[in-house]
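Student: I should like to work through this structure by question and answer. May we begin with the core and then proceed to the sheet, the helices and the backbone?

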Amino acid sequence: MAGIKDATAIVGIGQTAFAKHLPEDERTLACRAVLAALDDAGISPAEVDALASYTMEETDEVELAKAVGFGDLTFFAKSPYGGGGSCATVAHLATAIAAGQASVGVAWRSRKRGSGPRPWTNTTAQLPTPAQWTRPFGLLRPADEIAMLARRHMHEYGTTRDHLFNVALACRNRANQNPAAIMYDRPLTREMYMTSRWISEPLCLFDNCLETDGALACVVVSAERARDCRRRPVYIHSAAQGLPAQHHGMVNYWNDDPLTGPSWATARHLWKQADFTPADVHVAQIYDAFTPLVPLSLEGYGFCGRGEGGPFTEGGALELGGRLPVNTGGGGLSEAYVHGFNLINEGVKQLRGTSTAQVPGAATCLVTAGEGVPTSALLLRT
């Protein structure tokens with residue numbers, strides 16, 4: 001990955017509205033987000049020659065290329081493991097462009113999770129091998145699997161529900177500043193959090209992400225081309241993916257230490273290629289499908305020691321003006337849950353200086369994909 005350091009930049013971002021239900025289908029939403037990102041960059045659809053998305057994306061390259069009007073495509077890729085693939089889509093485009101395989105890349109995610117079916121409700125499909133060790137024993141949903149990891153962290157390190165509330169509150173406070181966020185006009189209090197219903201103990205309603213219809217996209221070009229684009233470029237400084245040895249998705253059954261998740265393997269490679277350290281990160285967009293993923297990621301990416309992710313959240317550390325402002329658009333917990341792509345776009349907004357919850361002077365940003373599954377991460381800089 002050393003060959004991609006600052007060699008490419010994100011020059012355009014786009015998104016649709018977010019809602020529990022949108023009338024458009026996923027392909028239409030994808031087209032609108034992509035066109036918005038290209039317009040933001042000042043680049044014609046005919047110039048696009050590379051695409052990257054998720055294996056779970058329902059809109060394929062052929063449909064998108066025809067509908068939007070791309071030229072010949074010379075690179076296209078998809079990243080697996082749901083939210084674990086968000087940052088990998090951008091990393092794949094950066095690698096292809098730096099290697100000369102393409103010149104203008106678009107990454108996107110379109111999803112109707114709010115009005116569509118829940119993936120685990122399909123009882124007719126044969127379970128994949130990992131799920132055969134979890135679902136027959138009651139771990140039916142991702143929330144159940146992460147709840148088990150959260151309970152383990154509480155048992156070993158004294159993490160509390162107040163620590164998880166700190167995560168939920170920081171995301172909600174930022175959403176309350178973001179008119180595009182689903183929870184824009186809905187403040188959260190500690191009483192609301194502590195008295196809400198269980199989803200999978202110890203995770204309550206507000207420990208779980210939203211279920212959202214919406215789409216987002218971004219445009220990646222070479223650093224040289226970026227200087228001529230419409231918006232201030234945000235450079236892709238480092239990128240990494242990680243799948244640790246003997247990993248078992250979400251629950252990490254076979255690891256010597258189940259709490260050492262994929263973020264640890266990703267972080268080692270990410271920081272190895274970077275010119276700065278966790279102490280130099282001004283703002284972070286940390287994947288938050290569930291609140292415990294944030295303290296787990298704070299540990300994995302080196303912002304605090306092992307078992308210190310809970311206490312790290314104390315004293316407003318995750319808020320604006322805190323030690324590490326996180327998820328400044330509201331994240332998956334309070335802006336929208338579109339498999340983490342809104343975290344990428346929010347990272348770009350921060351480094352452009354256009355976020356609704358702007359960190360003064362932000363020049364470096366960590367963006368992470370889903371912890372608990374094979375994952376990916378980006379370091380962005382101005």
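Student: Which residues of the largest nonpolar core touch the most other members?

Tutor: The model is a predicted one. Its largest nonpolar core holds 61 residues. Those that touch the most other members are Ile 10, Val 90, Leu 378 and Leu 380.

Student: Which residues does Ile 10 touch, not counting residues up to four places away in sequence?

Tutor: Two other residues from the group just named, Val 90 and Leu 380, are among the contacts of Ile 10. With residues up to four places away in sequence not counted, Ile 10 touches Val 90, Cys 218, Val 219, Val 220, Arg 232, Pro 233, Val 234, Ile 236, Ile 344, Val 348 and Leu 380.

Student: How many residues does the second core have?

Tutor: This core is separate and includes Ala 41, Phe 70, Ala 223 and Tyr 235. The number of its residues is 30.

Student: In what order do the strands of the open sheet lie?

Tutor: The open sheet is formed by nine strands, and its pairing is mixed. Strand 3 and strand 9 (283–285) each have a single partner strand, so one side of each lacks a neighbour in the sheet. From one strand to the next, the twist averages 25°. The order is 3-2-4-7-1-8-11-10-9.

Student: Which residue of strand 8 is the bridge partner of Ala 9?

Tutor: Strand 1 and strand 8 (residues 234–242) run antiparallel and are joined by two bridges. The partner of Ala 9 in strand 8 is Tyr 235.

Student: What angle does the direction of helix 8 make with that of strand 8?

Tutor: Helix 8 (residues 262–272) packs on the sheet, where it touches strand 8, strand 10 (364–368) and strand 11 (375–381). The angle between the directions of helix 8 and strand 8 is about 135°.

Student: How far apart are the axes of helix 8 and helix 9?

Tutor: Helix 8 and helix 9 (residues 293–300) pack at an angle of about 35°, and their crossing is right-handed. Helix 8 contributes Ser 263, Trp 264 and Ala 267 to the contact, and helix 9 contributes Leu 296, Ser 297, Glu 299 and Gly 300. The distance between the two axes is 8 Å.

Student: Against which elements do the buried residues of helix 1 pack?

Tutor: Helix 1 (residues 26–41) spans 23 Å from its first C-alpha to its last, close to the expected 22 Å. Its buried residues include Leu 29, Ala 33, Val 34, Ala 37 and Ala 41. They pack against strand 1, helix 2 (61–68), strand 4 (104–112), strand 7 (213–222) and helix 12 (341–352).

Student: Is Thr 212 buried or exposed?

Tutor: Thr 212 lies in the loop between strand 6 and strand 7. Its contacts include Phe 18, Arg 111, Ile 182 and Tyr 337. Because its relative accessibility is 0%, and the cut-off is under 20%, Thr 212 counts as buried.

Student: What is the phi of Tyr 81?

Tutor: Most residues other than glycine have a negative phi. Tyr 81 is not a glycine, yet its phi is positive. This residue is found in the loop between strand 3 (75–79) and helix 3 (86–98), and is partly exposed, with a relative accessible area of 46%. The phi of Tyr 81 is about 70°.

Student: Which residues does the cis peptide bond join?

Tutor: The omega of this bond is about 15°. Pro 202 lies in the loop between strand 5 (198–200) and strand 6 (203–204). The residues joined by the cis bond are Glu 201 and Pro 202.

Technical notes
Residues are numbered from 1 along each chain as its sequence is written. This is a predicted model: local features need pLDDT of at least 70, side-chain atom pairs count only at pLDDT 80 or more; totals for chains, interfaces and linings use all residues. Side-chain values use heavy atoms; hydrogens and water are left out. A nonpolar core is a set of buried Ala, Val, Leu, Ile, Met, Phe, Trp, Tyr and Cys residues joined through side-chain atoms within 4.5 Å. Buried means under 20% relative accessible area, exposed over 50%, partly exposed in between (1.4 Å probe, protein chains only). Contact means heavy atoms within 4.5 Å. Helices (H or I, at least four residues) and strands (E, at least two) are DSSP runs, numbered from the N terminus. The expected span of a helix is 1.5 Å times one less than its number of residues. Two strands pair if DSSP finds at least two bridges between them. Axes are lines fitted to C-alpha atoms, for helices over the stretch in contact, and angles run from 0 to 180 degrees between N-to-C directions. A crossing is left-handed if the near helix is turned anticlockwise from the far one by less than a right angle, and right-handed if clockwise.
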